[in-house]
Structures are given as structure tokens and as C-alpha cells.
Amino acid sequence: MAHDAPGAVVEAFREHWARLLALLAGHFRSLDIAEDSLAEAFELAVEHWARDGIPDRPEAWLFTTAKRRGLDRVRRDATLARKLPLLVIDAAAETDPVDGARPDGFDPDDAAISAIPDERLRLLFTCCHPALALEARTALTLRLVGGLTTPEIARAFLVSEPTMAARLTRAKKKIAAASIPYRVPTEAELPDRLGGVLTVLYLTFTEGHSASSGDALVRRGLCDEAIRLTRVVVELLPDEPDPMALLALLLLHHSRRDARADDTGELVLLPDQDRERWHQTEIAEGVALLEKAAGFGGRATSYLLQAAIAAEHASARRAVDTDWRAITMLYERLERMTDSPVVRLNRAVAVAEADGPATALALLADLDERLANYHLLPATRADFLRRMGRLVAAREEYSRALRLAGNSPERAYLARRIAELEPTGTMRKPRMPDGLT
């Protein structure tokens, strides 16, 4: 019905933006033409669908409209089009952007076509190419594959809109200038290149899960988008265990989102969270994905081990039921694999619960240089010292953590802990940090 048109456009955007953009980019060999023409098509859909009704195949309508808009642009200014940076397309998939003919005969104008080919993997691997800076990969993935607007991405990473627009423009120009191929990596290339894609999604989620600055502890939009894009990778690469393991990890962590802050926005650490507020459906899906990923029979990867740790936390009905011995063993394996100082820090948290704070404190001894600006290192050390009764030293470490912390809820938490250790204050039961490995 016509009055459902705005909602249908929103739904079509969410479901089809990346697929259509990927196909248009391959068609025109230009990210700029593809992006601009598709955006125009969605704008026209709002008006046309309200007037004429929602088409039976919204994605075909959008593609046809976008393709015509793009061709109009090419024909209207052919000289400019020849000067535009073009994507490097595999010869087998190359399209003439003027006559619009594809070697495989595909044409969404043909009513007999049952589905638009899914070329999102091309787009995703192009956005996450290692020749691009990591911040550019992340921004470009959110814009082109995720469909977020430039202002939305700028707000997510706390930079100005012009700064983010310039970052996106530079990234698209770099793709053309560096002749980054618009294709899915070969089977031999896939393991290394897939790792880069998953890193972008992981870091996007991490920034959303524990915001590095600002007034909010969690940026749910970034978390939701990272999960949605990881689902795309799982859907398109169903025989790869690492995307499944990463999706499991993200779902298990995100399942706790409603319990991580109280009604005033103050931080609630893991032992104190109301586990009734954890999302059990997401926990069940995460565990199922973890089991499926583990069932491939290959070696345990970093994402698989992290997901296993998250599953141990999620399966404990009460904080006291947490199997800290199992978590410690998983962290030991993960540290041997990654040599990550953040993994060592999280391992120390588990050891403190299993063997006491003195043993855990020794694990932090050589991390100061490697984690010089990471506020969770002094915050964790402060908790260990307080549990050992070394209150003056604990207060100094909390103060150091406060100087390094970026977002307001964490800063407020650390300030409260410092106040509790004042000579006239009342010391509360110590609590463990709630970090994301």
C-alpha cells in the first residue's frame, strides 16, 4: 500500500543497499557513480512508491533506477567520466558503463531474473584492503557496505563531518590510484585477506562496546552494525569458521548490553550485573555458532578462543558460578597464540579469581611499557592492590587510570573508587573490571 512506502524504502535500504551498491560499482567501475546513483534511486523511491505503490521487487526497481541515473551521468558528462578514477575489475566480470551490457547477460530489467547477484564480498574486500589505513577501512566499510551516512559515522568516531567526508574521499581515491582490485581474493589469498576484514568488524564492535571517549559507555549503533556486517560475511562464506567464531563472540558480549550500565548511565561491572537482563536468545545463538565453528576441526583460532571465554561467562547463572579455572586455561592458550598484552591483562583478572590477587599482580609486572596509555592496566592493578590491603598504592593506581580514561561513565566509576579510599571514606567490596579482550 502507498502509505507503507516510507517504511518499505527504509526496509529496502537496510536489506539491499550493500548488494545493489556492489553490483553498481562493478557495473560502472566507479564507487562515486555507484554511490551517488543509488542514493538518488532511494530518494526517488520515497516519492514514486507513495504515488504508484510499492513494486513487487523493490531491489530490481532500485537497481534499474540507479543504473539509469548512473548512465545519465556518464552520458551527460562523458569527458568527466573518462577522468574519474575507475575501479580495477576482473576481465571476466567487466561491464561497459555506457552500453550497460554484461558478458553474463544479466539485466535486472528482465522480469525473468529471480534474484540480483550478491556481490557484497567484492565490495567488502575492497573496503578492507590492507593498502588502506585501518581507520579508512573501517569508515569505508560502514559507509559503503553498512550504508551509514557520513554524519552517522562522524558521530560514531567523534570527529567532524568534514573530517570524515575527507577521510572517505581519500580512501576511495586511494582504491583507484593504487589499482586495488575490485574482486574477491583467490583461495590462496583468502586466509590473510579475510583476517583483515574480520579485524575491521572486530574493532568496530570494540569501539561500540566500550567507547574510547564521550558520554556513553556503549555505542549500540556501532555494535549493531558490526554484528550485521559479520552476519553478511558468515552468510557469504558459510564454510569459513572464523567469521562464525567472531559472530559468536560479538553476540555473547552484546547480550549483556542492557546490564552494563544502570538507569543513570553509571557503569555496572560484570559481577554486579543483573543477569536477568542479559539477552538469552543471543547467548543461545552465540553458543550454537561457537559449537559449529569448533566443529570444523581446524586449529583453535583467536576468535574461537575468545568466544569460548565469553561463553563461559554467559553460561554462569550467577557470578559465583563462573568457572575461572577454565577461563584461565583459555586465556593461557590465547596468550601463547597472540602474545597480546591485553590478553595477559585479562588472564590476570581470571587468575585473581582463581588463585588470588598476589599471583595475578605478578602477571602485570612487565606490561607498563606495552600498555602505557591503556587505562584498564592501572585500574586492574588498583583492584588487586586493594584486595591485598595496599590502599595507598591502590589509590595511586586508580588516579593514574582516571587520567587515562576517555569516556565519562568509566571516569565516574574510577573517581568513586578513589573517593572510597580517602582516609575518611568507607571501603566497599572490590570489583573486577569489565573488559573486552
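What is the volume of the second largest cavity? In this predicted model, the second largest cavity has a volume of about 40 Å³. Let us keep that cavity in mind, look at the chain as a whole, and then come back to it.

The chain folds into 19 helices and 2 strands. Of its 437 residues, 53% count as buried. The accessible surface of the chain comes to about 19,900 Å², and carbon and sulfur atoms make up 52% of that surface. The contacts tell us about the fold too: among those in the chain with a separation of 6 or more, 67% are between residues 24 or more positions apart.

Now back to the cavities. The structure holds 2 of them with 30 Å³ or more. Around the second largest one you will find Arg-275, Trp-278, Gln-280, Ala-314, Ala-316 and Arg-317. By type, this lining divides into 3 nonpolar residues, 1 polar residue and 2 charged residues.

One residue of that lining, Gln-280, leads us to the next stop, helix α12, which covers residues 280-294. Two residues of this helix are worth a visit. Glu-282 sits in α12 and is buried, because its relative accessible area of 18% falls under the 20% limit. Setting aside neighbours within four places in sequence, the contacts of Glu-282 are Leu-251, His-254, Ser-255 and Arg-257. Lys-292 also belongs to α12, but Lys-292 counts as exposed, because its relative accessibility of 52% is over 50%. If you follow Lys-292 across the fold, you come to Met-244: the two are 48 residues apart in sequence, while their C-alpha atoms are 7.7 Å apart in space.

Two other helices are good places to look at length and cover. Helix α9, residues 190-209, has 20 residues and reaches 28 Å from its first C-alpha to its last, close to the 28 Å expected at 1.5 Å a residue. This helix is mostly covered, with 14 of its 20 residues buried. Helix α3 runs over residues 58-76, and its 19 residues reach 27 Å from the first C-alpha to the last, close to the 27 Å expected. The buried residues of α3 include Pro-58, Ala-60, Leu-62 and Phe-63, and further along the helix Gly-70, Leu-71 and Val-74. Charged side chains appear on that buried list as well, among them Glu-59 and Lys-67. As you read along any such helix, it helps to know that an α-helix has 3.6 residues a turn, so residues three or four places apart point the same way.

Our last stop is the backbone in two loops. Most residues other than glycine have a negative phi. Which way, then, does Arg-29 go, positive or negative? The phi of Arg-29 is near 60°, a positive value in a residue other than glycine. Arg-29 lies in the loop between α1 (5-28) and α2 (31-52), and it is buried, with a relative accessible area of 19%. Ser-179 also has a positive phi, near 55°, and is likewise a residue other than glycine. You can find Ser-179 in the loop between α8 (161-177) and β2 (181-182). Is Ser-179 buried or partly exposed? Ser-179 is partly exposed, because its relative accessible area of 43% lies between the 20% and 50% limits.

How values were computed. Residues are numbered from 1 along each chain as its sequence is written. This is a predicted model: local features need pLDDT of at least 70, side-chain atom pairs count only at pLDDT 80 or more; totals for chains, interfaces and linings use all residues. Side-chain values use heavy atoms; hydrogens and water are left out. On a 1 Å grid over the protein atoms alone, a cavity is a set of points where a 1.4 Å probe fits but cannot get out, and a pocket is an open set with protein on both sides within 12 Å along at least five of seven lines; lining residues have an atom within 4 Å of a point. Grid points are joined across faces, edges and corners, and a volume is the space filled by probe spheres set on the points. Helices (H or I, at least four residues) and strands (E, at least two) are DSSP runs, numbered from the N terminus. Buried means under 20% relative accessible area, exposed over 50%, partly exposed in between (1.4 Å probe, protein chains only). Contact means heavy atoms within 4.5 Å. Accessible areas come from the Shrake-Rupley method with a 1.4 Å probe; for residues, only the protein chains shown count as cover. The expected span of a helix is 1.5 Å times one less than its number of residues.
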